[in-house]
Amino acid sequence: MPGHGLEGKVALVTGGSRGIGRGIAERLGRDGAVVAVAYARDTAAAEKVVGVIRESGGTAFAVRAELGAHGDAEALWAVFDAGITAYAPAGGVDIIVNNAGIGRSSALAGLTEEDFDEVFAVNVRAPFFIVRHGLGRLRDGGRIINISSGAARIAMPEIIAYGATKGALDTFTLNLAKELGPRGITANSVAPGIVDTDVNAGWLRGNAEAEEHAASLAALGRVGQPEDIADIVAFLASDDARWVTGRVVDATGGAGL
Ligand code: NAP
């Protein structure tokens, strides 16, 4: 049975159906939170995560809502509100994890305005408006955790717009911490390095040379796994992290030291 500090809490995890978000959703579910697993397209993947959480004795439900240029945050909250009442009649949320993100980017010379708009819409606009429209639902003492990237700290001109989205997200985090501190709400970013998820599957999985190179970028000498990131998020979501706010927590295993 779960029972590790998040009993009675409700968590929304965007992009909770795959990769890092899946790891976060499953971990928060094990810790006792009711987890809303938000996703865009892959219903089977989202239902699988919901099933895993329920099998381990936890509570979860799926929230389908496309974010970014083709979606909007208010629609996500409407689906959330409809789903949460079955598990917590009062509604509301305690932990918002803005994890959904896309990597679409390129070097400056090849960057199109469409790609720029799309990556900012999903990685920046969506978290802004999920929080903006979630503020009335977010209880005092709550948590906002934004999944950033080491690319906001380490120059990677080959993905320049993506890096800029994460820089914007970190500045959003900083301001949220100041604005919401009086309500006991903390806001932090978690910045992973290279993690073994679908986004990197094409070049990383099954390619020993690429994996060796990726591992060599981290002081700890390996590629990150979703659980590495989820455990940090679980700490920030917990009461133990009540005095940490406005920070970017590096989760790269020591990249670019
Ligand atoms: P992933 O495996 O590609 O999973 C992406 C998740 O986000 C899926 O659940 C997907 O749902 C959802 N999603 C994508 N586009 C969406 C949209 N427009 N609206 C709503 N949901 C959407 O991604 P990941 O590698 O776990 O990355 C998660 C986060 O970590 C991102 O913010 C990423 O920038 C950050 N990050 C990743 C790495 C890495 O190496 N993987 C490194 C640093 C930072 P569907 O499947 O339904 O589309």
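**Notebook: helix crossings and the ligand**

I began with the pair α3 and α4, whose crossing is right-handed (clockwise turn of the near helix from the far one, by less than a right angle; helices being DSSP runs of H or I, at least four residues, numbered from the N terminus). I noted that this is a predicted model, in which local features need pLDDT of at least 70 and side-chain atom pairs count only at pLDDT 80 or more, while totals for chains, interfaces and linings use all residues. Residues are numbered from 1 along each chain as its sequence is written, and side-chain values use heavy atoms, with hydrogens and water left out.

I then looked up the axes of α3 (residues 73–84) and α4 (residues 113–134), which come within 8 Å and cross at roughly 50° (lines fitted to C-alpha atoms over the stretch in contact, with angles from 0 to 180 degrees between N-to-C directions). That makes α3 oblique to α4 (angles under 35 degrees count as roughly parallel, over 145 as roughly antiparallel, 65 to 115 as roughly perpendicular and the rest as oblique).

Next I took α1 (residues 19–30) and α2 (residues 43–55), whose axes come within 9 Å and cross at roughly 25°, and α1 and α2 are therefore roughly parallel to each other. I found this crossing of α1 and α2 to be right-handed.

Last I turned to the ligand, where a polar side-chain atom of Tyr-162 lies 2.6 Å from a ligand oxygen atom, and where an N or O atom in the side chain of Asn-200 is 2.8 Å from an oxygen atom of the ligand. For Gly-15 I noted a backbone N or O atom 3.3 Å from an oxygen atom of the ligand.

Methods: Helices (H or I, at least four residues) and strands (E, at least two) are DSSP runs, numbered from the N terminus. A polar contact is a pair of N or O atoms within 3.5 Å; within protein, one must be able to donate a hydrogen and the other to accept it, and residues adjacent in sequence count only if both atoms are side-chain atoms.
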